[in-house]
Amino acid sequence: MAIKDSMVLNKKKQNVVFDKDLFIRSVLYNVKTLYRKTMEEATQQQIFQAVSLAIKDVVVDNWLKTQKEYDEKDPKIVYYMSMEFLMGRALGNNIINLRAYDAVKEALDELGVDLNVVEDQEPDAALGNGGLGRLAACFLDSLATLGYAAYGCGIRYKYGMFKQEIRDGYQIEQPDDWLKEPNPFELRRPEYAKEVHFGGYVTVETDEKGKQHFKQEGYQSVRAIPYDLPIVGYGNGIVNTLRIWDAEPVECFRLDSFDKGDYQKAVEQENLARNIVEVLYPNDNHYAGKELRLKQQYFFISASIQEAISKYMKKHDDIHKLPEKVTFQMNDTHPTVAVAELMRILMDEYNLEWEEAWEITSHTCAYTNHTIMSEALEKWPIELFSRLLPRIYQIVEEINRRFILEIQSKYPGDQNKIQKMAIIYDGQVKMAHLAIVAGYSVNGVARLHTEILKKQELKDFYEMMPEKFNNKTNGITQRRFLLHGNPLLAGWVTDHIGADWITDLSKISKLKLYADDPKAQQEFMNIKYQNKVRLAKYIMEHNGIEIDPRSIFDVQVKRLHEYKRQLLNILHIMYLYNELKKHPEIDFFPRTFIFGAKAAAGYQNAKLTIKLINSVADVINNDNSIDGKIKVVFIEDYRVSNAEWIFAAADVSEQISTASKEASGTGNMKFMLNGAPTLGTMDGANVEIVEEVGVENAFIFGLSSDEVINYENNGGYYPTEIFNNDPEIREVLMQLVNGTYSKNDTELFRPLYNSLLNTQCTSKADTYFILKDFRSYVEAQQRVEEAYKDEKRWAKMAILNTACSGKFTSDRTIQQYVDDIWHLDKVVLAK
């Protein structure tokens with residue numbers, strides 16, 4: 001999905017040097033030399049490749065200039081380590097950040113080519129899945145735009161997590177073959193290849209001075225090959241790098257083993273390499289999946305740190321000063337093995353003593369926590385960890401031993417503290433504990449989340465080392481999610497307040513002046529309507545469902561997890577449908593409920609929720625008796641490129657997670673930026689959104705985080721009481737098991753029913769307080785409808801949401817990381 005309208009920047013602002021004639025010649029040359037075709041003969045994919053390579057020529061010039069400037073200025077570099085980078089499409093974003101969109105569009109118009117169609121040829125890069133990966137992508141955009149030296153470090157997944165297909169209402173996982181066609185923007189860099197070792201054993205030799213030297217032997221090797229992707233800063237000439245690692249065998253094929261009949265041994269290394277980079281988050285419901293995940297993590301971390309140190313040592317001769325020029329930011333617990341790998345390199349390759357290596361490591365590594373969900377705080381079985389990474393495990397053991405001594409010194413005789421805080425305990429290696437102990441900074445990603453970490457989940461660590469803890473509320477890049485995703489609104493904003501908001505989103509607050517202006521309200525809502533028409537066409541093309549752009553577009557798009565409570569949403573839709581069937585005469589404003597979500601392949605209740613949503617949709621959408629007053633749509637394969645259209649069209653932003661469970665959320669910010677009020681709990685960044693826009697411009701419901709935590713710690717919530725005493729809720733829940741939405745299998749949705757009402761084990765029923773919050777949610781939805789009917793009130797709310805979104809830019813978040821954690825030097829290219 002590409003931009004359907006010309007970019008909206010003031011022509012005077014587009015003072016970037018972009019040679020349109022040279023670009024046209026470059027496109028024609030690429031089509032001729034790559035495909036031996038004219039423009040008229042070339043396919044759309046071939047034209048996309050030719051256009052992308054022409055843009056890449058411009059980008060590479062800036063990339064070279066940026067690297068030269070970095071070489072001369074020698075700024076401190078942040079290496080942002082993440083298992084995910086949910087980048088979206090590159091072409092349109094690169095053109096926008098070059099500030100060349102109008103010129104490119106005009107050039108292609110002259111060639112008889114539609115830029116929108118060209119952009120649609122590009123697959124979304126399958127390098128991420130959810131908010132964690134999209135945040136990393138936004139951060140890279142902001143780092144380049146603000147002029148800070150940075151590398152993103154990750155894995156070049158061949159098939160991503162999966163491409164989602166919906167068949168008979170069920171999620172089917174298909175390989176996301178995004179590299180089937182060449183990726184025109186990537187550069188293969190074999191000259192920076194690194195070798196990564198797995199398994200084997202560790203030997204120790206003592207030299208004449210009594211120093212021990214550790215050596216890993218008998219290992220399997222994989223060669224890590226970097227591919228570099230350009231990260232283009234907006235209008236400043238800076239181009240940073242996303243470095244993603246591919247895996248290749250050190251020996252492609254062992255003919256001697258093959259000749260002896262050992263065919264598996266012959267291709268052993270090739271299989272090892274291929275498996276590491278095939279998919280993001282392999283199913284870890286079994287041992288092999290856990291092992292593969294740990295291999296993936298160590299693979300990209302080892303290669304990245306090896307290269308970072310090699311790069312540092314080319315310009316410096318004192319490894320002890322590494323923290324002055326390098327920082328490793330660990331994006332959640334996945335990259336935490338970086339701590340031990342850095343220690344290994346410093347001790348085993350640079351012959352530092354433990355204390356020297358620890359001094360460097362503990363001033364170089366920093367940790368971002370993204371969750372309070374214990375399941376996401378990674379823990380590895382000792383047997384697996386020590387067998388796969390024997391030298392790394394030795395180092396972790398020693399870090400743990402020394403840390404326990406610190407605990408015992410601070411809390412003498414308190415075995416409970418050791419049990420709660422030890423890195424290795426009860427047969428497991430606890431990666432979050434390792435990250436906190438070694439990191440010089442530990443940050444949460446929303447104020448509420450950070451406070452819960454300090455007072456609940458990581459309380460013991462906060463009490464012992466409070467100076468490490470800080471908050472950095474997440475943000476999003478307005479360049480992707482307004483300038484590119486919603487060009488009509490972006491143009492309107494620029495026309496009213498100028499273009500400074502593109503690099504300083506705080507300036508968008510000037511729109512508050514227009515919140516009560518009838519003309520501005522009409523223009524704003526007309527833009528929303530046009531975006532709803534655009535999305536309605538997409539849904540008709542992809543889902544075959546006709547929806548009314550004049551209905552309320554009530555949207556919940558995000559990773560599917562029980563705590564995010566898509567189940568609450570669909571149960572409420574079932575409730576509304578029941579009400580309409582019983583009382584067809586009631587005054588009911590038409591609603592279109594839009595979902596988009598992927599469920600992890602092994603997460604059965606999440607996948608069953610997708611089936612329920614689609615089953616409810618099948619019944620409601622085909623019931624002519626309700627006259628189209630409710631429509632339910634599940635958008636297949638939710639991703640960045642269709643998300644841009646969804647955010648632009650949404651009227652209502654569903655942010656309904658159980659209070660205390662969502663670390664931050666960033667979808668809430670994207671909806672807000674595009675003028676959709678929040679319907680949500682006081683969870684994650686919702687709290688700060690409400691502070692910015694005012695509670696009167698949001699629809700808040702449900703238990704508070706303190707109330708949820710109190711129930712979890714002290715009990716007192718019995719969902720069966722609600723079931724027994726509320727006949728309308730009981731009717732909805734019984735429809736899960738009486739065939740209303742599963743005529744051929746009344747037991748199909750029994751697991752969802754049991755998750756809410758497991759009478760044999762009430763302490764585990766309704767873990768996420770869906771029934772407890774249900775009535776409050778119904779009441780909030782009624783408030784939404786009443787507000788929407790008042791056109792002027794709704795328009796004012798929508799404008800104020802956009803006008804108050806300035807805090808939630810990733811530019812602000814990154815500047816706070818720079819000021820408080822990384823201490824980077826801003827680089828400005830000479831003109």
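Two strands are said to pair if DSSP finds at least two bridges between them. In this predicted model, strand S19 (residues 591-596) and strand S20 meet that description, for they pair in the parallel sense over five bridges. Within this pairing, Phe593 stands opposite Val632 in S20. To pass from S19 to S20 the chain travels through helix H24 (residues 604-621), and the resulting β-α-β crossover is right-handed.

Strand S20 itself deserves a second look. In a regular strand the side chains alternate between the two faces of the sheet. In S20, Ile630, Val632 and Phe634 point one way, while Lys631 and Val633 point the other way, and all of them are buried. Because five of the five residues of S20 (residues 630-634) are buried, the strand is largely enclosed by the rest of the structure.

The aromatic residues offer another route through the model, since a pair of aromatic rings is described by the distance of the centres and the angle of the planes. A search of the whole structure finds 23 aromatic pairs. Among them is that of Tyr817 and Trp822, whose ring centres lie 4.8 Å apart with the planes at 25°, and the pair is therefore stacked, given that planes under 30 degrees apart count as stacked. Tyr817 and Trp822 are both buried, and together with Tyr80 and Phe139 they form one aromatic cluster.

Aromatic faces also meet charged side chains. Arg156 lies over the face of Tyr227, at 3.9 Å from the ring centre, and Lys417 lies over the face of Tyr411, at 4.7 Å from the ring centre.

Methods. Residues are numbered from 1 along each chain as its sequence is written. This is a predicted model: local features need pLDDT of at least 70, side-chain atom pairs count only at pLDDT 80 or more; totals for chains, interfaces and linings use all residues. Side-chain values use heavy atoms; hydrogens and water are left out. Buried means under 20% relative accessible area, exposed over 50%, partly exposed in between (1.4 Å probe, protein chains only). Helices (H or I, at least four residues) and strands (E, at least two) are DSSP runs, numbered from the N terminus. A crossover is right-handed if, with the strands pointing away from the viewer, the path from the first strand over the helix to the second runs clockwise. Rings of Phe, Tyr and Trp (its six-membered ring) pair if their centres lie within 6.5 Å; planes under 30 degrees apart count as stacked, over 60 as edge-to-face and the rest as tilted. A charge sits over a ring if NZ of Lys or CZ of Arg is within 6 Å of the ring centre and within 35 degrees of the ring normal.
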